[in-house]
Amino acid sequence: MAGRSVTMVSGPAGRRRLRWWRGSLRTIRAGERAAWDARRVDPLPTIAFGGDVVLLSPELAGITDAHYGDFIAGNVLEEGLGPILARAWQLLYVTEFIDGLAACRATCRFFDFCRGAAAGNRYSENGAFDSTETNCCRVPR
């Protein structure tokens, strides 16, 4: 299909991902919404060649924005990943993404399945991380 790609993950990584989704759906279907909602957002740390760490989306590595800066959360050659992740909440783009997730949770009936979609989609399509709808949301409808 033009304009759409699908990545198949085989082997152990693919089986882990499938087990995670099955477990997540089982939790929702069992009426354990609170347990599902309590799951934290995976910060998806991306470590670039020089050790720079960006969070939420690998597409943010190596780019600079007038509003957000360079998206670098830290550098693993200078400190461990743990301390970098511990202060992630201080980064403007991370806090805006969390606000966007809260808005999605409050307004979108599909939130249980996409969990707010991808930060990279929000930024590239809307120029902000606190937006609530992307083409990822609109196209499947």
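Where does Leu-44 lie relative to α2 and β1? Leu-44 sits in the loop between α2 (33-37) and β1. Before going further, keep in mind that this is a predicted model.

**The overall layout**

Let's step back to the whole protein chain, which holds seven helices and three strands. Going along the sequence, the order of elements reads α-α-β-β-β-α-α-α-α-α. Of its 141 residues, 29% count as buried. The exposed area of the chain comes to about 9300 Å², with 56% of that supplied by carbon and sulfur atoms. As for contacts between residues at least 6 apart in sequence, 42% of them join residues at least 24 apart.

**The sheet**

The three strands make an open sheet, ordered β1-β2-β3, with antiparallel pairing. β1 (46-47) and β3 (72-75) are the edge strands, and each has a single partner, so one side of each is left without a neighbour in the sheet. How many bridges join β1 to β2? Two bridges do the job, and β2 covers residues 52-54. Thr-46, for one, has Val-54 in β2 as its bridge partner.

**Two loop residues with positive phi**

Back to Leu-44, whose phi is near 45°, a positive value in a residue other than glycine. That catches the eye because most residues other than glycine have a negative phi. Phe-71 also has a positive phi, about 65°, and is not a glycine either. Phe-71 is found in the loop between β2 and β3.

Are these residues buried or exposed, or somewhere in between? Leu-44 has 42% relative accessibility, so it counts as partly exposed. Phe-71 has 1% relative accessibility, so it counts as buried. Here they are with some other residues that come up in this report:

| Residue | Relative accessibility | Class |
|---|---|---|
| Leu-44 | 42% | partly exposed |
| Phe-71 | 1% | buried |
| Cys-104 | 5% | buried |
| Cys-108 | 21% | partly exposed |
| Ala-118 | 36% | partly exposed |
| Thr-134 | 2% | buried |

**The nonpolar core**

Phe-71 turns up again in the largest nonpolar core, which has 20 residues. Those with the most contacts inside this core are Leu-55, Leu-56, Tyr-68, Phe-71, Tyr-93 and Phe-129. β2, α4 (92-107) and α6 each supply at least two residues of the core. Which of the elements gives the most to this core? The answer is α4, with five residues. As general background, nonpolar side chains tend to be buried together in soluble globular proteins.

**The aromatics**

There are eight aromatic pairs in the structure. In one of them, Tyr-93 and Phe-129 form a tilted pair, 5.6 Å centre to centre with 45° between the planes. Why does this pair tie together separate parts of the sequence? Tyr-93 belongs to helix α4 while Phe-129 is in the loop between α6 and α7, so the pair links parts that are 36 residues apart in sequence. Both of these residues are buried.

The two rings also belong to one aromatic cluster, made up of Tyr-68, Phe-71, Tyr-93, Tyr-123 and Phe-129. If you pick Phe-129 and look around, leaving aside neighbours within four places in sequence, its contacts include Tyr-68, Phe-71, Tyr-93 and Tyr-123. Beyond the aromatics, Phe-129 also touches residues including Leu-60, Glu-96, Gly-100, Ala-119 and Arg-122.

**Around α6, and the cysteines**

Some spots on either side of α6 are worth a look. Ala-118 is in the loop between α5 (111-114) and α6. The C-alpha atoms of Ala-118 and Phe-97 are separated by 9.5 Å, with the two residues 21 apart along the chain.

Thr-134 is in the loop between α6 (119-126) and α7 (135-138). With 2% relative accessibility, Thr-134 counts as buried. What is Thr-134 in contact with, leaving aside its neighbours within four places in sequence? Asn-121, Arg-122, Glu-125 and Asn-126 are its partners. Arg-122 is also among the contacts of Phe-129.

Finally, the cysteines. The count of disulfides comes to zero. Cys-104 is buried at 5% relative accessibility, whereas Cys-108 is partly exposed at 21%.

Technical notes
Residues numbered from 1 in each chain as written. Predicted model: local features only at pLDDT ≥ 70, side-chain atom pairs only at ≥ 80, totals over all residues. Heavy atoms only, no water. Pairing = 2+ DSSP bridges. Helix = DSSP H or I, 4+ residues; strand = E, 2+ residues; numbered from the N terminus. Buried < 20%, exposed > 50% of the residue type's maximum accessible area, 1.4 Å probe, protein only. Contact = heavy atoms within 4.5 Å. Areas by Shrake-Rupley, 256 points an atom, 1.4 Å probe, with all protein chains shown as cover. Core = buried A, V, L, I, M, F, W, Y, C linked by side-chain atoms within 4.5 Å. Phe/Tyr/Trp six-rings, centres within 6.5 Å; stacked < 30°, edge-to-face > 60°. Disulfide = S-S within 2.5 Å.
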